[in-house]
Amino acid sequence: MKSTTRQGGAATRWWRRLVNRRRPAAQRCRGCGICCDLYGHRLEARPDDRERWLREGRLDLVRRIAPDGRLWLDRAGERLLDDCPYLAREGAEAARCRIHATKPALCRDYPTRAHGHRCVRGVRFDR
Ligand code: SF4
Ligand code: SF4
């Protein structure tokens with residue numbers, strides 16, 4: 001009984017090693033902001049985004065949600081912007097999200113399984 005358990009453990013370890021070898025290792029986001037440049041004006045707020053922003057007192061963000069859920073309205077709440085207003089570009093390859101801690105769920109979850117867990121730069125993320 002004892003040896004069977006040990007064999008099972010060895011088989012499991014062997015299987016895990018095989019699977020891990022075939023799956024490319026996750027990489028780190030390069031912080032280039034290219035995904036934000038490309039998609040930052042095509043976002044939608046999910047109901048939990050609105051609820052979180054209300055809870056956090058971020059009415060400035062709530063006011064940027066269009067009636068149909070699209071992001072981002074201008075400060076006056078009148079017109080949809082062509083770019084995400086929270087992207088702080090610091091160079092061609094460097095950018096920062098100014099609302100990183102509470103960014104929309106769509107940004108937080110990107111890239112999803114539908115993207116093959118790879119962002120537009122080809123960086124692989126484990127989710
Ligand atoms: S997810 Fe990809 S495209 Fe977006 S900032 Fe990170 S490396 Fe750049
Ligand atoms: S909210 Fe942040 S992560 Fe989302 S598009 Fe704008 S800058 Fe990028």
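Helices and strands are here DSSP runs, helices of at least four residues and strands of at least two, numbered from the N terminus. The legends below describe close-up views of a predicted model.

**Figure 1. Overview of the protein chain, with five helices and two strands.** Read from the N terminus, the elements follow the order α-α-α-α-β-β-α. The protein chain has 127 residues, of which 28% are buried. A search of the whole structure for disulfides returns zero.

**Figure 2. The largest pocket, with a volume of about 900 Å³.** The lining of the largest pocket comprises 38 residues. Those nearest the centre of the pocket are Cys 35, Cys 36, Lys 103, Cys 107 and Tyr 110. At least two lining residues come from each of α2 (34–39), β2 (94–97) and α5 (105–109). The largest share belongs to α5, which supplies four residues. Sorted by class, the lining holds 22 nonpolar, seven polar and nine charged residues. Ligand 1 sits in the largest pocket, and ligand 2 takes up space in the largest pocket as well.

**Figure 3. The surroundings of ligand 1 in the largest pocket.** One part of the shell consists of Cys 29, Arg 30, Gly 31, Cys 32, Gly 33 and Cys 35. The shell also includes Cys 119, Val 120, Arg 121, Val 123 and Phe 125. By class, seven of the shell residues are nonpolar, two are polar and two are charged. Two cysteines of this shell, Cys 29 and Cys 32, are shown with their accessibility. Cys 29 has a relative accessible area of 53% and is therefore exposed, whereas Cys 32 counts as buried because its relative accessibility is 6%. Cys 35 belongs to the shell of ligand 1 and is also among the residues nearest the centre of the largest pocket.

**Figure 4. The surroundings of ligand 2 in the largest pocket.** Cys 36, Gly 40, Leu 43, Trp 72, Cys 84 and Tyr 86 are among the residues around ligand 2. Leu 87, Cys 97, Ile 99, Lys 103, Pro 104 and Cys 107 are also part of this shell. The shell contains ten nonpolar residues, one polar residue and one charged residue. Cys 36, Lys 103 and Cys 107 belong to the shell of ligand 2, and these three residues are also among those nearest the centre of the largest pocket.

**Figure 5. Two cis peptide bonds, Leu 71 to Trp 72 and Tyr 110 to Pro 111.** Most peptide bonds are trans. The cis bond between Leu 71 and Trp 72 has an omega of about -5 degrees. Trp 72 belongs to the loop between α4 (59–62) and β1 (87–91) and is one of the residues surrounding ligand 2. For the cis bond from Tyr 110 to Pro 111, omega is near -5 degrees. Pro 111 is placed in the segment after α5, while Tyr 110 is among the residues nearest the centre of the largest pocket.

**Figure 6. His 117, a residue other than glycine with positive phi.** Most residues other than glycine have a negative phi. In His 117, phi is near 60 degrees. His 117 is found in the segment after α5. With a relative accessible area of 19%, His 117 is classed as buried, because the limit for that class is under 20%.

**Figure 7. Three loop residues, Pro 104, Asp 82 and Glu 56.** Pro 104 occupies the loop between β2 and α5 and is buried, its relative accessible area being 1%. Between Pro 104 and Leu 61, 43 residues apart in sequence, the C-alpha to C-alpha distance is 9.8 Å. Pro 104 is also one of the residues around ligand 2. Asp 82, in the loop between α4 and β1, is exposed, with a relative accessible area of 60%. The C-alpha atom of Asp 82 is 8.3 Å from that of Gly 40, and the two residues are 42 residues apart along the chain. Gly 40 in turn is part of the shell of ligand 2. Glu 56 lies in the loop between α3 (47–55) and α4. A relative accessible area of 42% makes Glu 56 partly exposed. Glu 56 is 46 residues away from Thr 102 in sequence, and their C-alpha atoms are 9.1 Å apart.

Notes:
Residues numbered from 1 in each chain as written. Chains lettered and ligands numbered in written order. Predicted model: local features only at pLDDT ≥ 70, side-chain atom pairs only at ≥ 80, totals over all residues. Heavy atoms only, no water. Near = heavy atom within 4 Å. 1 Å grid on protein atoms, 1.4 Å probe; cavity = no way out; pocket = protein on both sides within 12 Å on 5 of 7 lines; lining within 4 Å. Sits in = over half its atoms within 2 Å of the grid points. Nonpolar A, V, L, I, M, F, W, Y, C, P; charged D, E, K, R; others polar. Points joined across faces, edges and corners; volume = space filled by probe spheres on them. Buried < 20%, exposed > 50% of the residue type's maximum accessible area, 1.4 Å probe, protein only. Disulfide = S-S within 2.5 Å.
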